[in-house]
Amino acid sequence: MTNVNAIEVSHLTKKFGDKTVVDDISFSVEPGEVFGLLGPNGAGKTTTLRMITTLLKADAGQVKIFGHDTVKEGRLARSMFGLTGQYASVDEDISARENLMIFARLNGLSRSDARERTAELLKEFSLEESADKALKTFSGGMRRRLDLAVSLITRPTLIFLDEPTTGLDPRTRTQMWDTIRELVKQGSTIVLTTQYLEEADQLADNLAIIDHGRLVKMGTPAELKREAGGSKLSFTVAQAAQVAAAAKLLASQVTGAVRQVGQQLSVSLSKVAELTPILAALDHAKITVNHLSIQEPSLDDVFMNLTVGKN
Amino acid sequence: MEVQMHKGNVVMNTATMAYRNLLKTVHNPDNFMDVVIQPVLFMLMFGYLFGGAIAGGVKAYLPIIVPGILIQTMLSAGTGSGAQIREDLDSGVFDRFKSLPMAHIAPLAGQLFADSLRLLIATVTSLTTGYLMGWRPAVGFGWIVVIALLAIFTGWALSWIFALLGLLAKSAAAVQSVSLMTMLVLSFMSNAFVPLHSLTKPLRFIANLNPVTYVITAIRQILATGGWTHEALLVVVFDIAVVAVFAPLTVWAYDRN
């Protein structure tokens, strides 16, 4: 089992009617990594995830989980991962403790093991105080935590998270990220879908960008950002009369195209070191600038360049 | 703690699922309202409204209507299973069940076994209401238990059909309306409330095709004679056949959902 990929997806395809929602997607995930499926709404992320986790039958293609085909060895493959869906898939009508107990039993734990594991998870996810209250009184964050706890009952080494932080407030989102990082530290392999670039950037080791059912780009966040171009310099020229002169000056210093919006000028730099001569030249020409900033390339740029979205 | 995973077996999984559904019901006692209120309401309304017209008096009508309302209540309790399954599917909790390494029939069977409690409550309410209205069957208590079990088993078998409906329908509301119509047609186009000889020929033909008629006849016969009958056996065989056909169909529908 040493060199087996955690997940091996080859030529996965799904059609709903005559619409191809997942189009010939292939990728693999190594044990211990966090793999992000990134894409706009309706790109096919969730459908892909549902096929990998055996919830949906693929029209074509194959998925192997730790070397086991999800169709031929479905039950075995299912026993190897935990899944947290996009909508909290826990029972509203019963308490957190009861939810954990039932899912532990369904996972094949004995009654006493189930009780022990339930107690552990309630503690780990700080749900002890509300353990016996009806879920209706839970906040969105608590529900997500319980949901995640349920998928961790069997301590799966592979965890699927479908948009784990969608709809959470910033504080709860950060808590969720910490929880996910903690899981990675313990050696879990994680596959997550997200439409938040920041989330992908924060968590994922490798990213696949999906749009209109196709895998448009794959790589580490750093690689993808590098492809999107270097740092961006932008500033505002204080006096409108000097804008043209400033633009001309800027063009002579860099290779990239100069963009102008009103009195604001911006340009891509291949190295931050290019900045010094530009500033010197501006100073020499007695052009005053305000709001000078240098921006590192973000996944936003990558995302915007590569995806069109539903519209 | 090392987590011990053993292949859960179907019986254990089903028991756990049944426990889950029981917990849900216990936390939400409203779920019992329909099976408690409906038989009481129907027994009172039908008994006092039609008793005189059909049988010449409430007391004479009760032996006809008690088995009739009993089976009607079973049908309507059975429709609840379908609606509940649809709700679970829509909530996403079935996704999780599906992704667990357990038998696919367990969530469905668990639901239906837990629903037997609803059937039991409905049966007890129906028979008690009849008793309070003056229904005094001539047979011993043992035979009352027999017809109660027969009714519950029939209701349980039929709930597999409603479960299938629940899986195939688009929404819980659709399940409810289709189930309600099925329930009304099956219970009224039978001998549940009127003697068959009072019906026109085509209507009698339909009522004679309706399985509900056979169940009610079997129950009336047991109550009248105090003995097991050929018809009762036929009902048991019919129930088993329904489960044998619809349980696999339901699992198939669940898998493709």
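Q: In this predicted model, what share of the contacts in chain B with a separation of 6 or more comes from residues 24 or more positions apart?
A: Let's start with how chain B is held together in this predicted model. Take the contacts with a separation of 6 or more, and ask how many join residues 24 or more positions apart. That share is 80%.

Q: How many helices does chain B have?
A: Reading along the sequence, you meet the pattern α-α-α-α-α-α-α-α-α-α. Chain B has zero strands, and its helices come to 10.

Q: What is the radius of gyration of chain B, and why is chain B called as compact as a globular protein of its length?
A: For 257 residues the globule rule gives 18 Å. The value for chain B is close to that, so chain B is as compact as a globular protein of that length. Its radius of gyration is 19 Å.

Q: What percentage of the residues in chain B are buried?
A: Here a residue counts as buried if 20 or more other C-beta atoms lie within 10 Å of its own. Out of the 257 residues in chain B, the buried ones make up 42%.

Q: Over to chain A: which strands are the edge strands of its open sheet?
A: The sheet has four strands in the order β12-β13-β11-β14, with antiparallel pairing. An edge strand here pairs on one side only, which leaves β12 (258-261) and β14 (289-295) of chain A.

Q: Which residue is the bridge partner of S234(A) in β14(A)?
A: Strand β11 (residues 232-237) of chain A runs antiparallel to β14(A), and five bridges join the two. In β14(A), the partner of S234(A) is S293(A).

Note on methods. Residues numbered from 1 in each chain as written. Chains lettered and ligands numbered in written order. Predicted model: local features only at pLDDT ≥ 70, side-chain atom pairs only at ≥ 80, totals over all residues. Rg over C-alpha atoms; globule rule 2.2 N^0.38 Å. Buried ≥ 20, exposed ≤ 12 C-beta atoms within 10 Å, placed from the backbone. Contact = placed C-beta atoms within 7 Å. Pairing = 2+ DSSP bridges.
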